[in-house]
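Trainee: I am new to this structure. Please take me closely through one part of it, a short helix and what surrounds it, and then show me how other helices and loops compare in kind.

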Amino acid sequence: MTELSGDLDVLLLGLNEPQREAVTYGDGPLLIIAGAGSGKTRVLTHRIAYLVGTDAAKPNEILAITFTNKAAAEMRDRAELLVGRRVRSMWVMTFHSACARMLRAEAPRLGYTRQFTIYDTADTRRLIKRCLDDLGIDTKRFTPASIGSQISDAKNKLRDADAYAQLVGSYFEQTVADVYRSYEREMHRANAMDFDDLLVRAVNVLELFPEVRERYANGFRHVLVDEYQDTNHAQYRWLQLLAGEHRNLTVVGDDAQCLVEGTLVTMADGGVLPIERVQVGDQVLSGYGDGDFGASEVTRTHRSQPTAGIEITMLSGRRLVSTPEHTHFAAHDPLRREKATYMDAFSLRSGGSSVLAAPGVAQLARDGALPMIEARAVAPGMAMFDEHGDYDMVASVRRVALDRPVYDIDVAQTHNFVANGIVTHNSIYSFRGADITNLLEFEDTFPDAHVVKLEQNYRSTQTILDAANAVIANNRGQKPKSLWTEIGQGDPIKIRELDDEHAEARFVTGEIQRLVDEGTSRAEVAVFYRTNAQSRVLEDTLVRAEIAYQVIGGTKFYDRAEIKDAIAYLTVVVNHQDIGSFTRIVNSPRRGIGNTTISRLLAYSNTSGETVWELAAAPEGVPGLGAAAIKSLRRFMSTMEVLAERAESSQPPEVSLLLNEMLAETGYLESLENERTIEAQGRIENLQELVHVAAESPTPTCGSTTRASRR
């Protein structure tokens, strides 16, 4: 049905009893514990329709939040099937999109204009690097990625630069604090916000201006949130402020977590404690960024009981037993490795004794680096770190059966600890500071909350669910549930143990060939692997067997250099204060405006208070610029000023037309055509696709295009 009828029985038809209970629940906080495949999206969309159908809320009084644009689009489409065009009045979107919409109206209260730019990760790292350079900090020891990670973590916990500085406990953290202050100052000066700022500033505007909070809290009669277990503190606080008036907060989440292991842990005082006795708040020995080991706090502990493990024995006699998936730091010939970035390596400092580098630091060390790899990939002859930061070599690796529980701990900031004398990574993963206690403690926050468990699964057979239930049952921090299905028992799970990754790839290839020979379509076959590094052997084997395949993933459209350049041009046209976008495009394509010219522009902008746009438009007033640089800047700015005038004269500007003119008049398209390469032709086709996207956009404005692309 395309429009919601008055027959609510039709709406509720086909729902099982717990689903119906969740959909029809009245006012007040509602916690829906949803197992995998239990129909949670169906419950959320039907609850939206039920609220509208019973006049419990008008369409514009509903805020439905999820984490990804894809999930939000799916929820919006499915809701439209139930309520028709009225879904357009609802806020059905991601956290970041909702906060951005709020701030487009309220940002002037915080000192921004409504045309503020939203920086993506690349923009953020570029600005952080500039801050590091300005402060004279070594960007090889303290990389923009590592500093950005710490700043992001602080923002997700609603800690500004001053609050973060109060918690400094190491030289690395002091460096982050200094950069954080500079970064915030430059972001505000550029009239820009990063993704984390969208959450922080939305909370700020609700906390600082009671009239704004009252308007939004009264306006949203019902707030619904998907994937609540993935919310961080900033998101939690934003929801708390919005739902404070009516208290009609519906959250859906799954508390089941995949857990891995540890063994004996070296504590900060030098003592050794069995990992099962390590508790939240304990201080463990961990690798620091100032070339030393120090104390780091345990923030979470987990327990599980798998059956298979990997035993690693070192030349020193140290022995470490873990699950096959647990992540360690190990490599062959570490002294010959040339570079590494955190997220896949810890690095050694050159000279003197070798030590662990800081978490998040991309150390380009002459002494080498150890990447993060799974225990199953560790091999004899590899090097690992001991508790002194020295190398210990792997003597043997073998598979073992596990006859006792395994544990893991989450270590704040550093995310590594010493187990049985070997440095290992904590493998608990958090999405942008996600805090599962928001879900686990929902009933403490809202004592009158009603709880509904969705335990019937509609995707998997009972065999799969029994295995999942058995694993999840070992989780200590959870709300107990037992998934079941009416689909049937299904085929038994088959486990095949093989010698190495090559044997594994041959086995997988053989199984695919067998299935195809039996009549199974290749489109019905999927191969999952934990890390990208595992795909190479699989792909090689599939190619040799002449089996066509598709790897899901790759560079995202809006992450491609030519697309980011085009978006930066549009951004500068509407926001002359955006320094990051200006520096990206001023010499792209190359037009004789080098780094020295750009540096002098930025330096004089800092001292004079004028924007780089204003200075570039009158470059003769900038000290130190040569005649050639002045001529190049004048030529560039004459083009940009014409584009800006066209954008301003046509409100709203036609983005597709402006894009075409920009690509032609700036020489960007011509430079690609002159390359005469297949790669350049591909970039041209990407830009043509961007023009088509802009032309087909339902709201084709320059601001909306730059905002959409940055998400």
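Mentor: What follows starts at one helix and then moves on to other places in the chain.

The model is predicted, so local features need pLDDT of at least 70 and side-chain atom pairs count only at pLDDT 80 or more, while totals for chains, interfaces and linings use all residues. Residues are numbered from 1 along each chain as its sequence is written, and side-chain values use heavy atoms, with hydrogens and water left out.

Take helix 2, residues 17-24. Helices (H or I, at least four residues) and strands (E, at least two) are DSSP runs, numbered from the N terminus. Q19, A22 and V23 are the buried residues of helix 2; buried means under 20% relative accessible area, exposed over 50%, and partly exposed in between (1.4 Å probe, protein chains only). Down the helix axis these buried residues fall within an arc of 100°, so they line one face of helix 2. That arc is taken from the directions from the helix axis to the C-beta atoms. Helix 1 (8-12), strand 1 (30-34), helix 3 (40-53) and strand 22 (450-454) are among the elements covering them, where contact means heavy atoms within 4.5 Å. At the N-terminal end, N16 caps helix 2, with a side-chain oxygen 2.9 Å from the backbone nitrogen of Q19.

From helix 3, which spans 40-53, the next stop is D226. Its contacts, leaving aside neighbours within four places in sequence, include K40 and L44, along with I65 and V252. D226 sits in the loop between strand 6 (222-225) and helix 12 (233-242), and at 5% relative accessibility it counts as buried.

Helix 5 (residues 95-106) has nine of its 12 residues buried, so it is largely enclosed by the rest of the structure. F95, C99 and L103 are among those buried residues.

Now a pair of helices. Helix 18 (residues 561-574) and helix 23 (residues 655-665) pack at an angle of about 110°, their axes 11 Å apart. They are therefore roughly perpendicular, a label that covers angles of 65 to 115 degrees. Where they meet, A566, Y569, L570 and V573 in helix 18 face V655, L658, L659 and M662 in helix 23.

The loop between helix 17 (535-544) and helix 18 holds E546. E546 has a positive phi of about 60° although it is not a glycine, and it is exposed at 69% relative accessible area. Most residues other than glycine have a negative phi.

Technical notes. The expected span of a helix is 1.5 Å times one less than its number of residues. A polar contact is a pair of N or O atoms within 3.5 Å; within protein, one must be able to donate a hydrogen and the other to accept it, and residues adjacent in sequence count only if both atoms are side-chain atoms. Axes are lines fitted to C-alpha atoms, for helices over the stretch in contact, and angles run from 0 to 180 degrees between N-to-C directions. Angles under 35 degrees count as roughly parallel, over 145 as roughly antiparallel, 65 to 115 as roughly perpendicular and the rest as oblique.
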